[in-house]
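Subject: Structure for you to look at

Hello,

Here is the structure I said I would pass on. Please open it first; my notes on what was found follow below.

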Amino acid sequence: MTQWSGYFGLILQGALVTIELTLMGSVLALVMAFLAGLGRLSRFFVLRALATAYIEFFRGTSIFVQLFWAYFVLPFAGISLTPLQAGVLALGLNVGAYAAEVVRGAIKSIGREQYEACTALNLGRWQAMRHIILPQALLVMLPTFGNNAIELLKATAVVSLISLADLTFQAQVVRSQTGNTLVPFSTILVIYFALALLISWGVRSLERRMARGLDGVRV
Amino acid sequence: MSAPIIKIDGISKSFGTFKVLDGLSMQVMPGEKLALIGPSGSGKTTILRILMTLERIDSGHIQVDGEQLYHMERNGRLLTADERHLAKMRQKIGMVFQLFNLFPHKCVIDNVTLAPMLTKGVPRAAAEKRAMELLDMVGMVDKAKAMPAQLSGGQKQRVAIARALALSPKIMLFDEVTSALDPELVDEVLNVMRKLAAETDMTMLLVTHEMGFAHDFADRVLFFDRGRIVEEGKPDEIFRHPKQERTQGFLKKIIAAGHRV
């Protein structure tokens, strides 16, 4: 029994690493999503091209390969990252590429009449985007952002391949030390699922809060 | 006689192969209340949208308040207007839309204060004071903190009018502002516009299917068909004694459809 509690301790440490990766990766993904999403809608060809190249590249290549690049190849260019930094970078850039399309789609979904009202009120492009379009588009983005965050959480498992001690890595450790697969992998299955539920719940309550007043019923 | 506040000179506009406006010229005097009537597709709404810079013209010139709308003079040459020139010109013009176009995520008073604060740098307190005066004028003070979704169509449109007025434009454009309303809500909006016409010397251009209102409200009525002005005159002349066959036909159809004249 004492032996198992030690192993659970290991797995809990792994859970903290996974949570840390998910949070930091999500922040980077969010930043990239808005940069690239807005970039794709830019008037300027160069910005559009850069954003498109980023999105297509990071959606079109495997996160596994991206992670290995960040950790094993970048040092040749003189950039050495810790496993955590490499993990956050790969996860954030990868999921950010998907989320950029969410940003773009949500902005496109706001009706022409809102833009026309902005023109009639003489708001500048950026003022209209910042005060009128984005606040409404954010509500459209949220549910899909929730999906993206859960995808990111599950993708964190790949960092065990660059020996970062996340949930999956620790489960492997426990498995190799005890020869038992069922217990550690059932445990991390439950933890991943619980974390995903937490994200769903968080995004849903955020969505409810932001939608308040918009449908004329909940105020 | 003062100079016209709007001078439209031979403008044309096509959507694809459809020519909406075909060499149209017209003038509007300061303070004039103008009603634009005619069948759908005749180009009357397009004129308002062009004046609000929501559509560009293919050719011709427009002068608003003594300045070119789509051109700017630089060293004696006429250049296509840039965004800064357009922004300056837009200060003179306000517009109310058929579908209100309120900002659904902002409460009534924020809808009204937003543009003055952002575009003119009016401090919040002053913007809110002015907004409350305008909301009072349109009878919406008690809904200042309500969200647009909680309002009826007529209420939304009255807020939209207050919102446009908050920027103190010299010219107001009303694009079928009662067409999307339930019949019993039409009058509350028209009453606000009557009041506005009586209390201000704003120039007002009105595209409408409310012939009775156009008759009472307008100083001059323009009948449009196929991108041209077919007939124009005082409301009595147009509505009681239309000279052109197309005007007569249009009014007959409108009356048959149950509109008041």
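Setting aside neighbours within four places in sequence, B:Ala162 is in contact with five residues in this predicted model: B:Val112, B:Leu134, B:Leu135, B:Val138 and B:Met140. B:Ala162 is also one of the residues with the most contacts inside the largest nonpolar core, along with B:Leu36, B:Leu173 and B:Leu206. That core has 120 residues. Its largest share comes from chain A, where helix α4 (residues 83-109) supplies 15 residues. From chain B, the core takes at least three residues from each of domain 1 (1-92 + 193-261) and domain 2 (97-168). Another core lies apart from it and has 5 residues, including A:Leu167, A:Ala171, A:Val174 and A:Ile188.

On the domains: chain B is divided into the two just named, with domain 1 made of residues 1-92 and 193-261 and domain 2 of residues 97-168. Their C-alpha centres lie 26 Å apart.

Next, the contact between the chains. Chain B puts 22 residues into it and chain A puts in 19 residues. On the side of chain B that touches chain A, α2 (83-90), β8 (93-96) and α3 (108-120) of chain B each supply at least two residues. Which of the elements gives the most to this side? It is α3(B), with 4 residues. Sorted by class, this side of chain B has 14 nonpolar residues, 7 polar and 1 charged.

Chain B also has an open sheet of 4 strands. The strands run in the order β2-β1-β4-β5, and their pairing is antiparallel. At the edges are β2 (18-28) and β5 (67-68) of chain B, each of which pairs on one side only. Within the sheet, strand β1 (residues 6-15) of chain B pairs with strand β4 (residues 59-64) of chain B over 5 bridges, in the antiparallel sense. To find this pairing in the viewer, start from B:Ser12, whose bridge partner in β4(B) is B:Ser59.

Last, the confidence scores. For chain B the mean pLDDT is 92, and 98% of the residues of chain B reach 70 or more. The model as a whole scores ipTM 0.92 and pTM 0.88.

Regards

Conventions:
Residues numbered from 1 in each chain as written. Chains lettered and ligands numbered in written order. Predicted model: local features only at pLDDT ≥ 70, side-chain atom pairs only at ≥ 80, totals over all residues. Core = buried A, V, L, I, M, F, W, Y, C linked by C-beta atoms within 7 Å. Buried ≥ 20, exposed ≤ 12 C-beta atoms within 10 Å, placed from the backbone. Domains from an automatic or database assignment. Contact = placed C-beta atoms within 7 Å. Nonpolar A, V, L, I, M, F, W, Y, C, P; charged D, E, K, R; others polar. Pairing = 2+ DSSP bridges. pLDDT = per-residue confidence, 0-100.
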